Amino acid sequence: MEKLKIGVIFGGMSTENEVSCVSANSVIKNLDRSKYDIYPIYISKIGEWFKVTNIIENKKILIDNIVEVLKSLDVVFPVLHGLYGEDGTIQGFLKLLKIPYVGCGVLASSIGMDKVYTKIVFEKAGINQTKHIYLRKKNDNYIYVDEKFNEKVLELHDITKIIIEKLKFPMFIKPSNSGSSVGISKANNLEELQKAIIEASKYDKKILIEEGIIGREVECAVLGNENVISSCIGEVKSADEFYSYDAKYNNQESKTIIPAEISESKSKEIQELAIKAFKAIDGKGLSRVDFFIEKDTEKVYINEINTLPGFTNISMYPKLFEQIGIPYSLLLDKLIELASV
Ligand SMILES: Nc1ncnc2c1ncn2[C@@H]1O[C@H](COP(=O)(O)OP(=O)(O)O)[C@@H](O)[C@H]1O
Ligand SMILES: [Mg+2]
């Protein structure tokens, strides 16, 4: 049988370029050579596209005509995290070129990337989530956007007044479009809240402020198009106060526990919610859905959905499926099978 030509696109113009390279390395290593011819394509931080001729030695050639290169492939696997990769832009590009690609389509990718819009969809689906407020930066001021999308322009001082009337500390302040915890801070008081809003606004005009949940952080992987399956549940135990960039990628003290030590009924509840969330955003292919279990109440809160989760050998997504008997290479086969335009 003729081998399928698989393009693996990685790097990208986001804050997660490096993380994507690590993920792609694992994907490329684990793709079954007897089934696929692999074409690694690197996008630099400034958006140049390269054909990678030797991944270990990092040898690459600038691509002159990307459309031509992409059109010569059977399936593209965008192993990109964050903006211009996980947000629907590359998906739109591939769709326009009629090239089948792995994972979520344009809509699900854009919703999943934008934390404000993810919240709107989850709310509509009736999935429990933490109380939150949505702001937009406008020059030196901020626009407070209420639940009905009414807007009010305010100074930082006045906007924080509204926030502390509505939400309890600790709070999490996030750029709406972010990933790998970049630009996210935890605030325990008014001063930290103000600083955190200024920090988040460096990454995105849209800012999400959430009430913090005290409890455990658990994750569930899903796979499928129409018939969606879920993995077992994994728990992350952050070495830091929260799962920051450093805790995720640098601090060896952060741990993942697979399967999470939770009851069977809690596990089932989370698996069902993960599939529901995936369907609610119109997901396809894969996603990792992240939750909190509140310490005092055992209540489950959805945190977010990652439409292109980390894909290194030790990443949660492949490990969760490995645990239920789907090894990494087979998982890649299934994702490629599920790929469509
Ligand atoms: N509402 C919250 N309550 C408690 N911890 C939170 C909350 N929101 C975020 N966190 C912490 O911050 C981390 C990063 O937030 P998250 O929304 O998952 O952003 P990212 O998309 O960058 O992963 C989470 O893994 C968690 O440790
Ligand atoms: Mg997260």
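The following paragraphs lead from the overall fold of this predicted model to the surroundings of its ligand and to one enclosed helix.

The protein chain is built from 11 helices and 16 strands. Its radius of gyration is 20 Å, close to the 20 Å that the globule rule gives for 341 residues, so the chain is as compact as a globular protein of that length. Along the principal axes, the C-alpha atoms of the protein chain fill a box of roughly 65 × 50 × 35 Å. Of the 341 residues, 41% are buried. Among contacts in the chain with a separation of 6 or more, 64% join residues 24 or more positions apart.

Attention may now turn to ligand 1. There are 19 residues around this ligand, and those that come nearest are F172, G212, I213, F242 and Y243. By character, the shell divides into six nonpolar, eight polar and five charged residues. Three strands, β9 (171-175), β15 (285-294) and β16 (300-306), each supply at least two residues of this shell. At the level of domains, both domain 2 (112-128 + 214-338) and domain 3 (132-211) give residues to the shell; ligand 1 therefore lies between them.

Two of these strands also take part in the surroundings of helix α4, described next. Helix α4 spans residues 106-113, and six of its eight residues are buried, so the helix is largely enclosed by the rest of the structure. The buried residues are A108, S109, S110, I111, G112 and M113. They pack against helices α3 (89-96) and α5 (115-124), and also against strands β15 and β16.

Key: Residues are numbered from 1 along each chain as its sequence is written. Chains are lettered from A and ligands numbered from 1 in the order in which they are written. This is a predicted model: local features need pLDDT of at least 70, side-chain atom pairs count only at pLDDT 80 or more; totals for chains, interfaces and linings use all residues. Helices (H or I, at least four residues) and strands (E, at least two) are DSSP runs, numbered from the N terminus. The radius of gyration is taken over C-alpha atoms; the globule rule is 2.2 Å times the number of residues to the power 0.38. A residue is buried if 20 or more other C-beta atoms lie within 10 Å of its own, exposed if 12 or fewer, and partly exposed in between; C-beta atoms are placed from the backbone. Two residues are in contact if their C-beta atoms, placed from the backbone, lie within 7 Å. A residue is near a molecule or strand if its C-beta atom, placed from the backbone, lies within 6 Å of it. Ala, Val, Leu, Ile, Met, Phe, Trp, Tyr, Cys and Pro count as nonpolar, Asp, Glu, Lys and Arg as charged, and the others, Gly among them, as polar. Domain bounds come from an automatic or database domain assignment.
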